[in-house]
Amino acid sequence: MSEQQTAGTIPIENKGAKREASFRLPYRIEIDPAGRDSPWWMTIVSIVLALVACGIFIALNDMNPIMVYNKMLTGAFGSSFGLTETLVKAIPLLLCGLGVSIAYRISVWNIGAEGQFLAGAMAATAVTIYFPHLPMYMSIPFMLVASVAAGGIWGLLTAIPRTYFQVNELITSLMLNYVAMLALNYAVFGPWKDPKGFNFPGSPMFTAAQSLPTFGASRLHLGIVFALIGVLFYAFVIRFTRWGYELRLIGANAEAARNAGIRISRHVLVVMIISGGLAGLAGMSEVSGVAHRLMYGISPGYGYTAIIVAWLAKLNPLGLVVSSVLFGGLIVGGYSVQTIGLPSSTSSMIQGAILFFLIAGGMAGKFRIRRNR
């Protein structure tokens with residue numbers, strides 16, 4: 001390099017670096033794959049966007065979205081009857097949502113709550129058919145234990161292939177939903193069909209000793225106590241026990257948990273038994289507290305809706321209560337809009353939109369805007 005170059009000339013590569021630095025933006029976008037720092041308001045924004053999107057479709061049907069939403073709100077929460085009906089719908093959603101949440105804590109994607117719900121409902125009905133003369137103080141606990149056991153076994157059918165054969169639990173849990181549905185259809189169209197039911201696909205009606213007690217003249221039944229106890233159990237275990245700490249550690253970093261000596265396979269088995277048992281208890285609450293018989297279409301999709309409930313609550317115990325009541329209100333509000341000419345499936349459209357925008361919000365939450373130094 002000559003003396004002139006050394007004294008007064010900037011090398012070409014340095015000129016390029018300075019030019020690049022001069023055009024650098026003050027901010028940059030980074031991707032956080034875990035997305036754990038997504039803001040709390042993202043859930044609220046997702047719900048608002050879902051309502052706006054559904055409002056557009058409602059407006060295309062020559063209906064006023066504000067009027068429709070007001071009708072749903074007053075139908076679900078505007079009277080004591082509507083409120084109790086909302087709580088009745090929230091009971092299975094909360095129990096199934098608890099089951100889904102405890103599995104998601106360790107990154108086990110249990111989407112089989114629907115099948116576990118049906119398994120619990122069938123087990124509770126089996127008690128009424130094969131032990132029809134038990135008094136209430138024996139029949140209700142027997143039905144409770146049978147439903148929890150059946151749901152837990154149904155959950156275990158998903159956990160065993162995942163643990164020992166590395167089979168994806170999404171596939172097995174989804175397939176078992178259809179197995180449970182077909183088993184229920186066989187029972188109510190076949191051996192358990194009520195001979196006095198005028199060819200209706202359902203079991204014989206439960207007796208008073210086989211039905212959950214209700215509060216006053218409403219349909220709100222003892223299942224709400226089961227659900228609230230489940231919430232307290234979930235909150236206490238996750239927050240204050242060593243087992244709950246291990247679950248949180250597995251969900252945060254499975255490799256670190258394995259290096260710390262935690263047996264992940266054992267936790268997967270136990271968690272899926274508990275998850276399925278909670279969904280099975282939801283099935284027992286529905287047949288014994290609401291329908292008072294096992295029948296075709298006993299579940300309008302509680303197990304699937306519970307997935308949205310868990311996502312919306314971000315696995316938080318209090319959030320599960322709020323989101324289950326919200327979705328219970330959506331179901332009841334869907335019945336209310338039928339009086340103004342809209343189908344009850346309007347609530348299903350809103351539920352699907354909420355899930356869509358929750359997922360989109362979770363993906364957007366992975367992006368971070370950082371200031372360049």
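**Notes on the helix packing of a predicted model**

1. In this model, which is predicted, V237, I238, R239 and F240 of helix α9 meet R242, W243, G244, Y245, L247 and R248 of helix α10. Sorted by character, the residues of this contact comprise six nonpolar, one polar and three charged. Two packed helices are described by the angle between their axes and the distance between the axes. Here the axes of α9 (residues 223-240) and α10 (residues 242-252) come within 5 Å of each other and cross at roughly 75°, which means that α9 stands roughly perpendicular to α10.

2. One member of that contact, L247, deserves a point to itself, and the place to begin is its position in helix α10. Is L247 buried or exposed? Its relative accessibility is 0%, and L247 therefore counts as buried. When residues up to four places away in sequence are not counted, L247 touches I102, R105, I106, I238, H267 and V271. By contrast with these contacts, the C-alpha atoms of L247 and H133, which are 114 residues apart along the chain, are separated by 42 Å.

3. A second residue to inspect is S288, which belongs to helix α12 (residues 264-291). With a relative accessible area of 0%, S288 is buried. Which residues is S288 in contact with, once its neighbours within four places in sequence are left aside? They are I140, M143, F206, Q210, S211 and L212.

4. Helix α15 (residues 346-364) has 19 residues, and from its first C-alpha to its last it reaches 27 Å, close to the 27 Å expected at 1.5 Å a residue. Its buried residues include T346, S347, I350, Q351, A353, I354, F357, L358 and G361. Because these residues cover an arc of only 165° around the axis, they lie on the same side of α15. The face turned away from this buried side carries F356 and M363, both of them exposed.

5. What, then, covers the buried residues of α15? The covering elements include α3 (41-60), α4 (65-77), α13 (302-313) and α14 (317-336). Of these, α3 may be followed further: this helix has 20 residues and reaches 29 Å from its first C-alpha to its last, close to the 28 Å expected at 1.5 Å a residue. The buried residues of α3 are M42, T43, S46, A50, A53, C54, G55 and I58, and they pack against α4, α13 and α15.

6. The loop between α14 and α15 contains I340, a residue whose relative accessible area of 26% makes it partly exposed. Leaving aside neighbours within four places in sequence, I340 is in contact with M63, M67, V68 and K71. The C-alpha atoms of I340 and V88 are separated by 24 Å, and the two residues are 252 apart along the chain.

7. The backbone also calls for some attention. Most residues other than glycine have a negative phi, and most peptide bonds are trans. In this model, D62, just after α3, takes a positive phi of about 60°. Phi of Q166, which is not a glycine, is likewise positive, with a value near 55°, and Q166 is placed in the loop between α7 (136-165) and α8 (169-189). At 64% relative accessibility, Q166 counts as exposed. K314, which is not a glycine either, has a positive phi of about 55° and sits in the loop between α13 and α14. With a relative accessibility of 47%, K314 counts as partly exposed.

8. Helix α7, which precedes the loop that holds Q166, contains F142. How does F142 count at 34% relative accessibility, and which residues does it contact? F142 counts as partly exposed, and, leaving aside its neighbours within four places in sequence, it is in contact with V127, F131 and L134. F142 and A123 are 19 residues apart in sequence, and from C-alpha to C-alpha they are 9.8 Å apart in space.

Conventions
Residues numbered from 1 in each chain as written. Predicted model: local features only at pLDDT ≥ 70, side-chain atom pairs only at ≥ 80, totals over all residues. Heavy atoms only, no water. Axes fitted to C-alpha atoms, helices over the stretch in contact; angles between N-to-C directions. Helix = DSSP H or I, 4+ residues; strand = E, 2+ residues; numbered from the N terminus. Parallel < 35°, antiparallel > 145°, perpendicular 65-115°, else oblique. Contact = heavy atoms within 4.5 Å. Nonpolar A, V, L, I, M, F, W, Y, C, P; charged D, E, K, R; others polar. Buried < 20%, exposed > 50% of the residue type's maximum accessible area, 1.4 Å probe, protein only. Expected span 1.5 Å × (residues − 1). Arc of directions from axis to C-beta.
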